[in-house]
Amino acid sequence: MTTTVPLTDTALRELAASSLRLILSQQQPSGAYPASPTFSAYVGYSWFRDGSFIADAASAAGAVESASAFHDWCASIVTARSDRIRDIVARAASDEPVGDDLMLATRFTFDGAEGSDEWWDFQLDGYGTWLWALGEHVRRHGLDSSRWAEAAGLCTAYVASSWQRPCFDWWEEYRDDVHVSTLGCLAAGLRSAIGLDVLTPQAAAAAQHAAAAIDDVLRGDAVRDGHLTKWLGSEAVDGSLSSLVGILRVTDASSPVGRATIAAVERDLVRDGGTFRYLGDTFFGGGQWPLLSCLLGHAHLAAGDRERARELLVWAASTADDDGMLP
């Protein structure tokens with residue numbers, strides 16, 4: 001059972017502080033943030049996407065060295081696969097793309113290996129999310145981006161060459177579709193990489209071209225009934241779409257598409273304050289995700305509705321147990 005957190009700024013700050021302490025206590029010497037220390041399928045692994053959102057939170061909370069250590073971990077993984085990435089990019093340019101099984105993995109062990117467990121392992125969004133979080137961290141704290149220059153260049157080339165490919169979505173489902181939340185992560189990452197000022201002129205031009213192409217899709221095929229959709233060709237929404245309007249700032253929250261996307265997520269996926277991943281979700285019976293309510297809150301905040309953003313934050317906080325643990 002959960003207990004309701006008091007509707008005070010002090011209680012919310014205390015929950016945020018205890019959550020940060022928990023995150024920092026679990027960070028590995030390598031810099032990786034564990035996906036989960038207890039859920040059997042995730043033990044021993046870290047994701048670029050999940051870890052990048054954690055790193056952005058740590059960075060925003062002032063844990064600069066923690067976030068930098070995670071970015072070092074990601075960079076080491078990317079640079080260790082430099083030859084593989086160059087081959088992927090070259091073959092994409094020759095219209096002979098490699099198979100999904102030869103693309104970069106989604107999750108890695110704490111020491112940077114792919115791991116030996118069977119896994120549906122081709123997702124692109126994490127690499128865009130990492131570039132976005134890295135850019136946020138560097139600009140937020142005035143850091144020297146040359147520390148991550150090689151990895152950022154490799155990752156940017158990988159994303160720019162591969163963004164059109166179908167892959168698994170955030171939820172490791174629907175591998176044969178092009179997912180709009182994935183496209184948003186990639187667009188945000190490419191923009192961020194360009195802003196780091198570490199790319200060669202040729203690489204920056206390729207990144208700009210890819211980002212512009214993604215923007216065209218996000219304004220066109222990704223829109224149905226005025227709002228962003230779960231994947232290209234779908235009419236449904238997904239809780240992850242809130243990130244494009246809010247924290248990633250890919251779709252302007254004040255634009256007609258931004259407003260319609262917020263409204264569609266609210267209408268279709270929010271029940272009693274909590275936000276579902278998508279209609280028909282069956283994972284553990286389906287359920288409301290505090291993370292998604294927070295992402296929706298960010299979207300409302302970007303649109304200027306601070307009151308609704310706070311309501312969603314308070315709902316997410318109310319799911320914490322007596323020890324301050326969020327599900």
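Buried here means under 20% relative accessible area. By that cut-off, Ala207, Ala210, Ala211, Ile214, Asp215, Val217 and Leu218 of helix 8 are buried. The model is predicted. It holds 2 cavities of 30 Å³ or more. This briefing covers helix 8, the two cavities and Phe70.

**Helix 8**

- Helix 8 covers residues 201-219, which makes 19 residues.
- At 1.5 Å a residue, helix 8 should span 27 Å, and its end C-alpha atoms are 27 Å apart, so expectation and model agree.
- Looking down the axis of helix 8, the buried residues sit within an arc of 160 degrees, so they line one face of the helix.
- Pro201, Gln202, His209 and Arg219 are exposed on the other side of helix 8.
- Two helices that the buried residues of helix 8 pack against are helix 6 (149-162) and helix 7 (180-195).
- Further packing partners of these buried residues are strand 3 (223-224), strand 4 (227-228) and helix 9 (242-245).

**Largest cavity**

- The largest cavity encloses about 40 Å³ of space.
- Its lining includes Leu124, Trp163, Arg165, Pro166 and Cys167.
- Asp177, Val178, His179, Thr182 and Leu183 also line the largest cavity.
- By class, this lining has 6 nonpolar, 2 polar and 2 charged residues.

**Second largest cavity**

- The volume of the second largest cavity is about 30 Å³.
- Trp47, Phe48, Ala105 and Thr106 are among the residues that line the second largest cavity.
- Gln123, Asp125, Gly126 and Tyr127 belong to the lining of the second largest cavity as well.
- Helix 5 (residues 125-141) gives the most to this lining, with 3 residues.
- The class split for the second largest cavity is 4 nonpolar, 3 polar and 1 charged.

**Phe70**

- Phe70 lies in helix 3 (residues 64-80).
- Its relative accessible area is 0%, so Phe70 counts as buried.
- Leaving out residues up to four places away in sequence, Phe70 touches Gln27, Gly31, Ala32, Tyr33, Ser46, Trp47, Phe48, Gly51, Ser52, Ala55 and Trp130.
- Among these contacts, Trp47 and Phe48 also line the second largest cavity.
- Phe70 and Leu124 are 54 residues apart in sequence, and their C-alpha atoms are 18 Å apart in space.
- Leu124 itself is one of the residues lining the largest cavity.

Definitions and conventions
Residues numbered from 1 in each chain as written. Predicted model: local features only at pLDDT ≥ 70, side-chain atom pairs only at ≥ 80, totals over all residues. Heavy atoms only, no water. 1 Å grid on protein atoms, 1.4 Å probe; cavity = no way out; pocket = protein on both sides within 12 Å on 5 of 7 lines; lining within 4 Å. Points joined across faces, edges and corners; volume = space filled by probe spheres on them. Nonpolar A, V, L, I, M, F, W, Y, C, P; charged D, E, K, R; others polar. Helix = DSSP H or I, 4+ residues; strand = E, 2+ residues; numbered from the N terminus. Expected span 1.5 Å × (residues − 1). Buried < 20%, exposed > 50% of the residue type's maximum accessible area, 1.4 Å probe, protein only. Arc of directions from axis to C-beta. Contact = heavy atoms within 4.5 Å.
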